[in-house]
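Thanks for taking a look at this one with me. My notes follow, in numbered points, on the empty spaces, the ligand site and one sheet.

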Amino acid sequence: MTALLEGRGICKRFGGLLAVSDVSFTLNEGEILGLIGPNGAGKTTLFNVVNGVYRSDGGTFAFAGQDITGWPPNKLVHLGMARTHQIVKPLNEMTALDNVTVGACFGRDYLRLRAAHGVAMQVLEQVHMADRANILAKHLTIAGKKRLEIARALAAKPKLLLLDEVLAGLNPTEVAKMLELIRAIRDQGVSIIMIEHLMHAVMNVSDRIMVLNFGLKIAEGKPEEVVRDPAVIEAYLGSADIADKLREVQ
Amino acid sequence: MIVRRPVLYLTLITAALFIYLPLRTNNVLLREDLILVSVSVILASNLNLMIGYTGYVNFGHIVFYGLGGYVGLYLATVWHWPLIVAALGAGVVVSLFALLLGLGILRLRGAYFALATIGILQAVQSFVANFDPWGRSTGMYLSFEVYEPLGGAMRALWITYYLVIGVMALSLILSLGIKISKFGLGLFAIREDEDAAVVLGVNTTVYKAIIYSVSAFLPAVAGTFMYYKNGMIDPSIAFEFIASLEGIVMLMLGGKGTVVGAALGGGLYEKLRSYLLTSPRLSNFHLVIAGGLLLLVILFAPGGLIGWLYSLVPRARKVIE
Ligand SMILES: Nc1ncnc2c1ncn2[C@@H]1O[C@H](COP(=O)(O)OP(=O)(O)OP(=O)(O)O)[C@@H](O)[C@H]1O
Ligand SMILES: [Mg+2]
């Protein structure tokens, strides 16, 4: 297996708060890595540092064999890294199609407008939003906006997709559909890191899981190993009971 | 494809009418009326590139027009460049100035950017008012010989008129061309959510600097023609803050973000202003009325006339861009 993304000793500080503290990890090609941990553990911050929204206060990143430490988000997109936002950021006064076209235009292939339109239409079909192509993004439901986040990221033709809580706020049917979509994306050869609080869902789709707590990595491994880990149970799951139930669900 | 856009033909027809109507009857008054309308359309539609397309409110847009006038007049009278070359030269110089400035101040967002643009207007005005080659606060006055190459002052008035109409048409075509391009899509993404735009791959720093610079070019060219026609320029006229504000009123009135809205707002506001200024009872109140108008538009029709049209006839969005 070859590593697609490697982080070494990543730190991020906000004033006196160490939001991410000396975290190292590797993501292999074609893998889905689940990222879990309590609220405020530093999961989103780690994403922000990976894709260059924030500058790290220490540590290095390599992506597809290239040192990308300190690169801005727009350059990383061209290299094949795309992401979604936990708090959705739709381009409100633009149609869903135009939102996704932006992703395709400025993505890995840096397409021209006409070609980008074609890709955007395809991606909207893939995420089952083709019928909403001409609706202004602000008029979409929350589930629609989350799908739009994914569609924009996919239109960039990424090698790595960072998903930040795309399941939060969806009803069970929507969750099932979204999980199906995430697997389909992986099957196209896209590697994924997904932040998620819905434990059975992460356990279900992840090849491996990494756990953060107060900025520190406290565990990493196969889903069934991680839920049995005493440190994880104490910090996040709460009781061994829950861990047992989760294993059953799986 | 721009050739399939109705707005392109609307622009060309309007420009043709502007050229034909005063010429047919040799109507000098109409010509003077229309040249002011054209200048307003030029200023409003280039300002629209910043405010309407990119979401950055520039309170100092008039600085490009004034500086263009200064640079152009200097090139035409002191360096004896032909008028059109001098105007293009002014456009290039002012655009480069804007590019450098933009790379600095476009790091600021929202109100901070807006404040910085006011600061620039004031700074440029003070600089020019103390700049010897440009006549300090007295400004520059042209002598009648300047118009000889164009065949005398009378003909120069007509020629500058046609040139300004040309710049107006170019401004609208530029706005339309950007609106339907990939560049325009990137700008709209910045306007809607700059952080999202970066994450989607838009090089926002470069895009913002380029559009700021582009929005300076045609106003600077027009500034050269207009001040050349007027035969004089001074810092208090060239860098008038009120003129910048009026540009924003025009844009809000017509509908920011749309090509036709900027043009319509520019034209209508100019007509309203000249009516008020020439009416004996209202002439002191034109700014009060402008302010009131701006308030009404923002409160009741934030999309301006064109936004209002879109809400009545949603399909108009596809035609009246
Ligand atoms: N821009 C910021 N400025 C200051 N502090 C921040 C900033 N962003 C995050 N933090 C702090 O860093 C810590 C980690 O936040 P982060 O958003 O990464 O958590 P998270 O693991 O994503 O949590 P959640 O599950 O609630 O989304 C929190 O204490 C948060 O308050
Ligand atoms: Mg988070």
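How many nonpolar, polar and charged residues does the lining of the largest cavity have?

1. By class, that lining has seven nonpolar, four polar and one charged residues. The classes count Ala, Val, Leu, Ile, Met, Phe, Trp, Tyr, Cys and Pro as nonpolar, Asp, Glu, Lys and Arg as charged, and the others, Gly among them, as polar. The lining includes Val49(A), Arg55(A), Phe61(A), Trp71(A) and Leu76(A), and the space in this largest cavity is about 80 Å³.

2. Some ground rules before going on. This is a predicted model, in which local features need pLDDT of at least 70 and side-chain atom pairs count only at pLDDT 80 or more, while totals for chains, interfaces and linings use all residues. Residues are numbered from 1 along each chain as its sequence is written, chains are lettered from A and ligands numbered from 1 in the order in which they are written, and side-chain values use heavy atoms, with hydrogens and water left out.

3. On terms: with a 1 Å grid over the protein atoms alone, a cavity is a set of points where a 1.4 Å probe fits but cannot get out, and a pocket is an open set with protein on both sides within 12 Å along at least five of seven lines; lining residues have an atom within 4 Å of a point. Points are joined across faces, edges and corners, and a volume is the space filled by probe spheres set on them.

4. The structure holds three cavities of 30 Å³ or more. The second largest cavity has a volume of about 50 Å³, and its lining includes Leu43(B), His61(B) and Ala243(B). H11(B) gives the most to this lining, three residues; helices are DSSP runs of H or I with at least four residues, strands are runs of E with at least two, and both are numbered from the N terminus. No charged residues appear in this lining, which has four nonpolar and three polar ones.

5. The largest pocket offers about 1900 Å³ of space. Its lining counts 44 residues, and Asp98(A), Lys179(B), Phe188(B), Arg317(B) and Glu321(B) are the closest to the centre. H14(B) supplies the largest share, six residues. The class split is 16 nonpolar, 13 polar and 15 charged.

6. The second largest pocket has a volume of about 490 Å³. Of its 24 lining residues, Leu36(B), Tyr65(B), Glu240(B), Ala243(B) and Arg273(B) are the closest to its centre. H2(B) provides the largest share here, six residues, and the lining divides into 15 nonpolar, three polar and six charged.

7. Ligand 1 has 15 residues around it (a heavy atom within 4 Å). Oxygen atoms of ligand 1 lie 2.7 Å from a polar side-chain atom of Thr44(A) and 2.8 Å from one of His197(A). A backbone N or O atom of Gly42(A) lies 3.0 Å from an oxygen atom of ligand 1. The protein covers 64% of the 630 Å² of accessible area that ligand 1 has on its own (Shrake-Rupley, 1.4 Å probe).

8. Lastly, the sheet. In chain A, four strands form an open sheet in the order E2-E1-E4-E5, with antiparallel pairing (at least two DSSP bridges between two strands). Strands E1 and E4 of chain A are joined by four bridges, and Leu5(A) stands opposite Phe63(A) in E4(A).

Technical notes:
A polar contact is a pair of N or O atoms within 3.5 Å; within protein, one must be able to donate a hydrogen and the other to accept it, and residues adjacent in sequence count only if both atoms are side-chain atoms.
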